[in-house]
Number of protein chains: 2
Amino acid sequence: MKKSDKIRWSGCPVRYAAGVFGDKWCFVLLRDILLHGKRYYGEFAASEEGISTNILADRLSRLEGDDMLTRHVDPNKRSKVFYLPTRKARALLPAFLGMMVWATEFDENTEAPASFAKAFREDPKAAIAWYEAEIDRVNAGLEYSS
Amino acid sequence: MKKSDKIRWSGCPVRYAAGVFGDKWCFVLLRDILLHGKRYYGEFAASEEGISTNILADRLSRLEGDDMLTRHVDPNKRSKVFYLPTRKARALLPAFLGMMVWATEFDENTEAPASFAKAFREDPKAAIAWYEAEIDRVNAGLEYSS
DNA sequence: AGCGGGCGCTTTCAAATTGCAAGTGAAAAT
DNA sequence: ATTTTCACTTGCAATTTGAAAGCGCCCGCT
């Protein structure tokens, strides 16, 4: 069960967003899926941040329940599982990239190249389209499955 | 002490953003400050979501430590305290509004009017400017203080 | 000057969540 | 047939949360 019994974490757009990904681990999972081309459970588990597997499983199923991801058994190796971003998750890209621009400006330890923020500010639509195409490219190698 | 000992929650822009406001309560506090014109401790405490005061105090000081807010004693009534958003917090507005557009599209229980998303999509800069002006307007009534 | 109330926290303690480590069971590889 | 890989699940200690009560300062009243 979720906390949604006490307060409806919907209604207000900000509260809704907080309910879906207002959590460190959901944040980095969405990053891995939307920006780093990760799809397999094992790839998420190996993330630099070191998420533990119980939390990983929990967050993946929450995101699936919130219609952000769909789960698929790899047809070529049925012991492996991958997750694909839904349209809803992909629609977060503009906001996500906006946050990245912000972080790039204010994090003095940022490792993001200045060119990224510059490109996004000059032509946000093009930057978004570029990441969308990346997502499609990664998905293309997997999408002949249930 | 913070969790930053084990993993540096900076470097990667998404991880940095998650470190600063990847938390339900920081999310709603920033909403209240950036979008709802709240400034006083008492106003935050009275938020619809019902944050408890220990968490509120903790999050306010975290946000202050992350240079998102500055704390001020009300010169007219020195038992009251208000918080002002920094330039860094205000710079989140574009990303924040982008998330709101997203939530408005996908939350079936949204209470946000369709006109909001429409206005933002048609002229994001104008929408941002409008909220910036609101923030200035609210601050104007308070900014003759330490 | 004294006193009662409002206000911004801080403390207390139980309950929920997290995180590490060690399973488990199905499927692949050997 | 046996081992290995893989995606979780479980057990348990440690951290975090949340509701409620407490504390100290400031203000307004008398």
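**Two strands, a helix crossing and an odd loop residue**

Modeller: Let's start with strand 2 of chain A, where Val81(A), Tyr83(A) and Pro85(A) point one way, Phe82(A) and Leu84(A) point the other way, and all are buried. This is a predicted model, where local features need pLDDT of at least 70, side-chain atom pairs count only at pLDDT 80 or more, and totals for chains, interfaces and linings use all residues. Residues are numbered from 1 along each chain, chains are lettered from A in the order written, and side-chain values use heavy atoms, without hydrogens or water.

Colleague: What makes strand 2 of chain A largely enclosed by the rest of the structure?

Modeller: Buried means under 20% relative accessible area (over 50% is exposed, in between is partly exposed; 1.4 Å probe, protein chains only). Five of the five residues of this strand, 81–85, are buried, so strand 2 of chain A earns that description. As for the word strand, it's a DSSP run of E, at least two residues, while a helix is a run of H or I, at least four, with both numbered from the N terminus.

Colleague: How do you know that strand 1 and strand 2 of chain A pair?

Modeller: Pairing takes at least two DSSP bridges. Strand 1 (residues 69–73) and strand 2 of chain A have five, in the antiparallel sense, so they pass. Within this pairing, Arg71(A) has Tyr83(A) of strand 2 as its bridge partner.

Colleague: And which way do the residues of strand 2 of chain B point?

Modeller: Val81(B), Tyr83(B) and Pro85(B) go one way, Phe82(B) and Leu84(B) the other, and all are buried. Strand 2 of chain B runs antiparallel to strand 1 of chain B, joined by five bridges, and His72(B) stands opposite Phe82(B).

Colleague: Why are helix 2 and helix 6 of chain A called roughly perpendicular?

Modeller: Helix 2 (residues 24–34) and helix 6 (residues 93–106) of chain A pack at about 110°, with axes 12 Å apart. Roughly perpendicular covers 65 to 115 degrees (under 35 is roughly parallel, over 145 roughly antiparallel, the rest oblique), so helix 2 and helix 6 of chain A get the name. On the helix 2 side, Phe27(A), Leu30(A), Arg31(A) and Leu34(A) make the contact (heavy atoms within 4.5 Å), and on the helix 6 side Leu93(A), Phe96(A) and Met99(A) do.

Colleague: What makes Cys26(A) buried?

Modeller: Cys26(A), which lies in helix 2 of chain A, has a relative accessible area of 2%, so it counts as buried. Leaving aside neighbours within four places in sequence, Cys26(A) touches Val20(A), Phe21(A), Arg59(A) and Leu63(A). Its C-alpha atom is 9.0 Å from that of Leu56(A), 30 residues away along the chain.

Colleague: How do you know that helix 1 of chain B is largely enclosed?

Modeller: Nine of the nine residues of helix 1 (residues 13–21) of chain B are buried, so the label fits. Among them are Tyr16(B), Gly19(B) and Phe21(B). These buried residues pack against helix 2 and helix 6 of chain A, along with helix 2, helix 4 and helix 5 of chain B.

Colleague: Why is Asp67(A) called partly exposed?

Modeller: Asp67(A) has 43% relative accessibility, so it falls in the partly exposed class. It sits in the loop between helix 4 and strand 1 of chain A.

Colleague: What is the phi of Asp67(A)?

Modeller: Asp67(A) isn't a glycine, yet its phi is positive, about 65°. Most residues other than glycine have a negative phi. Asp67(B) also has a positive phi of about 65°, and Asp67(B) lies in the loop between helix 4 and strand 1 of chain B.

Note on methods:
Axes are lines fitted to C-alpha atoms, for helices over the stretch in contact, and angles run from 0 to 180 degrees between N-to-C directions.
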